[in-house]
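I open a fresh page for this chain and keep the notes short. The plan is to look up strands, salt bridges and empty spaces, in that order.

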Amino acid sequence: MTVTSARLDPSAPEAAIAAMADAVTNWGRWGQDDAVGTLNLIDEVARLRAASLVHTGRSVSLSLPFDMNGPQRGWRRRTNPVHTMLDTGTDAERGNQGFPHGIGGADDVIAMPLQCSTQWDGLGHIFDHGIAWNGRRAGDVVTSDGDLVTGIEHAAPLVTGRGVLLDLGRHLSPVTGELDDGYAITAEDLDSCIDAQGETSIVGAGDIVLVRTGQLARAKRDGWGEYAGGPAPGMSFTTARWMHERDIAAIATDTWGFEVRPNEFHDAFQPLHQVVIPHMGLTIGEMWDLDELAEACAAESRYEFLLTAAPLRITGAVGSPVNPIALL
């Protein structure tokens, strides 16, 4: 039976986190050496099924722009991307690049935290009482040399499969298409959205679930404000059971933190992360732009598609920028 947010004791996060971790653990499920968690659920059969979902060939990018106009405000030293040109057309015109026979070119460099914009959280990103995914000691997994065990590079060939959009913003707030900050999306909300959207939004094993709250649409219209780290609609802590029962491979939202903020407990910080990453082995995406996809899905009354969202193959990273592509 799925637990609802009404049964949470907001004064007891430690007990709730421990109980939920026991209820949804996947430790040992894919062997003691596993490095990718629920991404194991996207197998060859799942990818073939996903490929058959391409009907029109329409391609939709689900990424925010990676530029200085992003949402970051400096929390945990997260900044927006800094893009610098190393060689320019001006250099080429002046002939000072040192190339023969008139050839010239441009080069550039970008500096940014790996989780400053549209991104995946890797399995080495969050620990529970010093324990990482699959029951390993956090200090044995992530050191100053990076994530030595579950680095994001292990996920690079895997994240292509059936994507399913659950447009909770449109479903629960049909006038605005946007949930209020602080709204906790429950399992009941997810199931009612699936019922309303129809058969193509039924979530099954190995699926990559995209949850649109509409908060990003609001931020794009009104300005970033506290989008990065402030109040937001998001997943209720109790939805960990829903995600586990359906054996999803990954999940992403259009919010900064995936789960509802403020969190549902007193004196807590991202308790749902604390359960689903180190215990379930679930890959989480944040700051995905789902607005164009939502319009396309609503127009076609079809909420499933081929999704490819490979992280950059950055050795030892605990997260990665991504440009997810939905093919309809």
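**Entry 1: strands around E15**

I started with E15, which pairs with strand E17 (residues 325–327) in the antiparallel sense over three bridges. The model I am reading is a predicted one. I looked up one partner in E17 and found that Leu327 is the bridge partner of Leu306.

Next I checked another neighbour of E15. Strand E9 (residues 160–167) pairs with strand E15 (residues 304–308) in the antiparallel sense, over five bridges. Two facing residues went into my notes: Arg162 stands opposite Leu306, and Val164 stands opposite Glu304. Leu306 therefore appears twice on this page, once with Leu327 in E17 and once with Arg162.Is E15 covered or not? I noted that E15 is mostly covered, with four of its five residues buried.

**Entry 2: the whole sheet**

I then stepped back to the sheet. It is open and has nine strands, in the order E1-E17-E15-E9-E11-E13-E14-E4-E16, with mixed pairing. The edge strands are E1 (59–61) and E16 (319–321), each of which pairs on one side only. I also looked up the angle between neighbouring strands: on average they are turned by 25° against each other, direction ignored.

**Entry 3: helix H10**

I listed the buried residues of H10, and they are Asp291, Leu293, Ala294, Ala296 and Cys297. After H10 comes Ser301, and I wrote down that its phi is positive, near 50°.

**Entry 4: salt bridges**

How many salt bridges does a search of the whole structure find? The search gives 18. I looked at three of them one by one.

The first joins the side chains of Asp247 and Arg29, at 2.8 Å from N to O. This pair links distant parts of the chain, 218 residues apart. Asp247 sits in the loop between helix H8 (239–245) and strand E13 (250–253), and Arg29 in the loop between helix H1 (13–24) and helix H2 (44–51). I filed Asp247 as buried because its relative accessibility is 19%, and buried means under 20%. Arg29 has 38%, so I filed it as partly exposed.

The second joins Arg221 and Glu178, whose closest N and O atoms are 2.7 Å apart. Here too the pair links distant parts of the chain, with the two positions 43 residues apart. Arg221 belongs to helix H7 (residues 215–222), while Glu178 lies in the loop between helix H5 (168–172) and strand E10 (184–185). Is Arg221 buried or exposed? Arg221 counts as exposed because its relative accessibility is 52%, and the cut-off for exposed is over 50%. Glu178 has a relative accessible area of 11%, so I marked it as buried.

The third joins the side chains of Asp289 and Lys220, at 3.0 Å from N to O. Asp289 is in the loop between strand E14 (283–286) and helix H10 (291–300), Lys220 is in helix H7, and they are 69 residues apart. Asp289 is buried, with a relative accessible area of 15%. Lys220, at 42% relative accessibility, counts as partly exposed.

I then looked for salt bridges that join up. Asp167, Arg170, Arg212, Lys220, Asp289, Asp291 and Glu295 are linked in a network. Asp291 in this network is also one of the buried residues of H10.

**Entry 5: cavities**

The search of the whole structure finds two cavities of 30 Å³ or more. The largest has a volume of about 60 Å³. Among the residues that line it are Ala35, Val36, Leu39, Leu123, Ile152 and Thr283. By class, the lining has six nonpolar, four polar and no charged residues.

The second largest cavity has a volume of about 30 Å³. Its lining includes Asn26, Thr38, Met243, Ile248 and Met280. Arg29 and Asp247 line it as well, and these are the two residues of the salt bridge at 2.8 Å. The classes here are four nonpolar, three polar and two charged residues.

**Entry 6: the largest pocket**

How much space lies in the largest pocket? I wrote down about 370 Å³. The pocket is lined by 18 residues, and the closest to its centre are Trp75, Arg76, Arg78, Gln115 and His125. The lining divides into eight nonpolar, six polar and four charged residues.

Key: Residues are numbered from 1 along each chain as its sequence is written. This is a predicted model: local features need pLDDT of at least 70, side-chain atom pairs count only at pLDDT 80 or more; totals for chains, interfaces and linings use all residues. Side-chain values use heavy atoms; hydrogens and water are left out. On a 1 Å grid over the protein atoms alone, a cavity is a set of points where a 1.4 Å probe fits but cannot get out, and a pocket is an open set with protein on both sides within 12 Å along at least five of seven lines; lining residues have an atom within 4 Å of a point. Grid points are joined across faces, edges and corners, and a volume is the space filled by probe spheres set on the points. Ala, Val, Leu, Ile, Met, Phe, Trp, Tyr, Cys and Pro count as nonpolar, Asp, Glu, Lys and Arg as charged, and the others, Gly among them, as polar. A salt bridge is a side-chain nitrogen of Lys or Arg within 4 Å of a carboxyl oxygen of Asp or Glu. Buried means under 20% relative accessible area, exposed over 50%, partly exposed in between (1.4 Å probe, protein chains only). Two strands pair if DSSP finds at least two bridges between them. Axes are lines fitted to C-alpha atoms, for helices over the stretch in contact, and angles run from 0 to 180 degrees between N-to-C directions.
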